[in-house]
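Before you set up any calculation on this structure, I would like to go through a few points with you, moving from the overall division of the chain down to single residues. Please keep the model open beside the text as you read.

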Amino acid sequence: MKIAFLGLGIMGRPMAANLVKAGHEVSVWNRTPKNVEGARTAATPADAAKGVDVVWMCVADTSAVEHVLFGPNGIEGSLRPGMIVVDSSTIAPSATLKFTQRVRAKGADFVDAPVTGSKIGAEAGQLLFIVGGSEKSLATLDPLFAAMGKKYIRVGETGAGESAKIGMNLIIALMFEGLAEGLTLTKKLGVPSEILFDLVQNSMLRSGVSDYKGPFLLKRDFSPNFPLRLMHKDIRLMLESAGENGVKLPALEKVEEIYRQSAEGGLRDEDYIATIKTLEKLSGIS
Ligand code: NAP
């Protein structure tokens with residue numbers, strides 16, 4: 001298929017590379033010029049999207065998606081009936097619905113397909129896509145999901161994928177906060193983190209979050225797989241969505257404070273596990 005891939009960050013670049021590897025004809029665009037071997041590098045989103053079957057986006061946030069779609073040199077002018085626009089960015093479900101209306105007015109379809117699996121999953125072509133969209137468009141996209149992921153799960157119509165995705169990240173944020181606070185308290189009480197982690201991994205506390213993040217925590221490796229600024233953005237999306245829909249999230253409101261303090265303390269571009277450094281600082285642990 002002919003695909004335009006827009007956004008070559010931690011996630012987008014390996015995703016685009018996997019489409020090339022699967023034999024698709026790919027054009028790529030990134031705000032800060034970047035290439036993907038075997039793909040055509042386009043000068044603008046509009047240029048990348050000319051004549052393609054599918055436009056796939058993976059950019060930072062809601063305003064970045066709006067910019068790529070409808071900003072100067074956005075893809076809107078290149079849309080034509082039959083084309084499918086797919087968004088793998090994590091953005092507001094309500095914004096997704098607005099963008100969908102505008103894209104459908106041009107005869108193209110819109111599918112939200114945020115992902116889970118992080119950098120490792122993107123590189124290995126093992127992402128899980130959390131999808132909202134029509135059955136017909138998903139059938140067309142099937143080989144592309146297969147090139148970049150292990151599976152896709154259709155949650156419902158367009159917008160439903162983003163709703164489920166922010167719910168999943170809410171669970172991750174709270175699970176990680178539990179792990180980080182448990183490690184912080186026990187460290188202050190004199191229990192070595194390696195031993196507490198061993199206990200976690202050999203008990204009912206073990207989880208995908210502890211499997212993935214524990215080794216990085218023990219090595220104190222805070223290099224970004226999922227940057228703190230993006231998890232903070234997701235937490236704000238969850239709270240906004242909760243506000244719009246009359247839902248109370250008291251634990252998440254407290255966790256947001258830790259992310260805010262961490263971001264203000266210069267940790268934005270580290271992995272979100274660096275929030276443990278803020279907890280340690282607040283607890284007088286050096
Ligand atoms: P990233 O490495 O920070 O990349 C962000 C991308 O968005 C870059 O290509 C960036 O361009 C582009 N961008 C930012 N603002 C823009 C704007 N105003 N206009 C156009 N492009 C803009 O982020 P990532 O980790 O790849 O994440 C991408 C999306 O996937 C996010 O929504 C994130 O929440 C989600 N996600 C990430 C992970 C993860 O583990 N990393 C997992 C699941 C979902 P520049 O290169 O010019 O800055």
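The numbered points below take up the domains, the cores, the helix packing and some individual residues of what is a predicted model.

1. On the overall division, the protein chain falls into domain 1, which covers 2–157, and domain 2, which covers 163–282. The centres of domain 1 and domain 2, taken over C-alpha atoms, are separated by 28 Å. As for what joins the two parts, 17 residues of domain 1 are in contact with 16 residues of domain 2.

2. On the nonpolar interior, the largest core comprises 58 residues, and Val55, Met57, Leu69 and Val85 are the ones with the most contacts inside it. That core takes at least three residues from domain 1 (2–157) and at least three from domain 2 (163–282). A second core, separate from it, has 30 residues, among them Met11, Leu19, Leu141 and Met148. As general background, nonpolar side chains in soluble globular proteins tend to be buried together.

3. Which residues are in contact with Val55, leaving aside its neighbours within four places in sequence? They are Ala4, Leu6, Ala49, Ile75, Met83, Ile84, Val85 and Val86. Val85 thus appears in this list and also among the residues with the most contacts inside the largest core.

4. Ala48 deserves a paragraph of its own; this residue is found in helix H2, residues 45–49. With a relative accessible area of 0%, Ala48 is buried. Not counting residues up to four places away in sequence, Ala48 touches Ala4, Leu6, Ser27, Trp29, Arg40 and Ala42. For Trp29, the C-alpha to C-alpha distance to Ala48 is 6.5 Å, with the two positions 19 residues apart in sequence numbering.

5. Helix H1, residues 12–21, is largely enclosed by the rest of the structure, because 7 of its 10 residues are buried. The buried residues in H1 are Gly12, Pro14, Met15, Ala16, Asn18, Leu19 and Val20, and Leu19 is also one of the residues included in the second core. Lys21, by contrast, although its place is in H1, is exposed, with a relative accessible area of 70%. Lys21 lies 27 Å from Pro81, C-alpha to C-alpha, the two being 60 residues apart in sequence. Just after H1, Gly23 takes a positive phi of about 95°.

6. Turning to the helix packing, two packed helices are described by the angle between their axes and the distance between the axes. Helix H7 (residues 160–188) packs against helix H8 (residues 193–201) at an angle of about 135°, and their axes are 9 Å apart. H7 and H8 are therefore oblique to each other, and H7 passes H8 in a right-handed crossing. On the H7 side the contact is made by Leu179, Gly182, Leu183, Thr186 and Lys187, while H8 contributes Ser193, Leu196 and Val200.

7. H7 also packs with helix H10 (residues 228–244): the axes come within 10 Å and cross at roughly 120°. Is the crossing of H7 and H10 left-handed or right-handed? The crossing of H7 and H10 is left-handed. Here the contact is made by Ile166, Asn169, Leu170, Ile172 and Ala173 of H7, together with Met231, Asp234, Ile235, Leu237, Met238 and Ser241 of H10.

8. Lys213 may merit a look when you assign charges, and its place is in helix H9, residues 208–219. At 2% relative accessibility, Lys213 counts as buried. Leaving out residues up to four places away in sequence, Lys213 touches Phe176, Asn225, Asp271, Tyr272 and Ile273.

9. Finally, two backbone values should be noted for residues other than glycine. Ser118 has a positive phi of about 60° although it is not a glycine; its place is in helix H5, residues 118–124, and with a relative accessible area of 15% Ser118 is buried. Arg220, which is not a glycine either, has a positive phi of about 55°. The place of Arg220 is in the loop between H9 and H10, and at 37% relative accessibility Arg220 counts as partly exposed.

How values were computed
Residues are numbered from 1 along each chain as its sequence is written. This is a predicted model: local features need pLDDT of at least 70, side-chain atom pairs count only at pLDDT 80 or more; totals for chains, interfaces and linings use all residues. Side-chain values use heavy atoms; hydrogens and water are left out. A nonpolar core is a set of buried Ala, Val, Leu, Ile, Met, Phe, Trp, Tyr and Cys residues joined through side-chain atoms within 4.5 Å. Buried means under 20% relative accessible area, exposed over 50%, partly exposed in between (1.4 Å probe, protein chains only). Domain bounds come from an automatic or database domain assignment. Contact means heavy atoms within 4.5 Å. Axes are lines fitted to C-alpha atoms, for helices over the stretch in contact, and angles run from 0 to 180 degrees between N-to-C directions. Helices (H or I, at least four residues) and strands (E, at least two) are DSSP runs, numbered from the N terminus. Angles under 35 degrees count as roughly parallel, over 145 as roughly antiparallel, 65 to 115 as roughly perpendicular and the rest as oblique. A crossing is left-handed if the near helix is turned anticlockwise from the far one by less than a right angle, and right-handed if clockwise.
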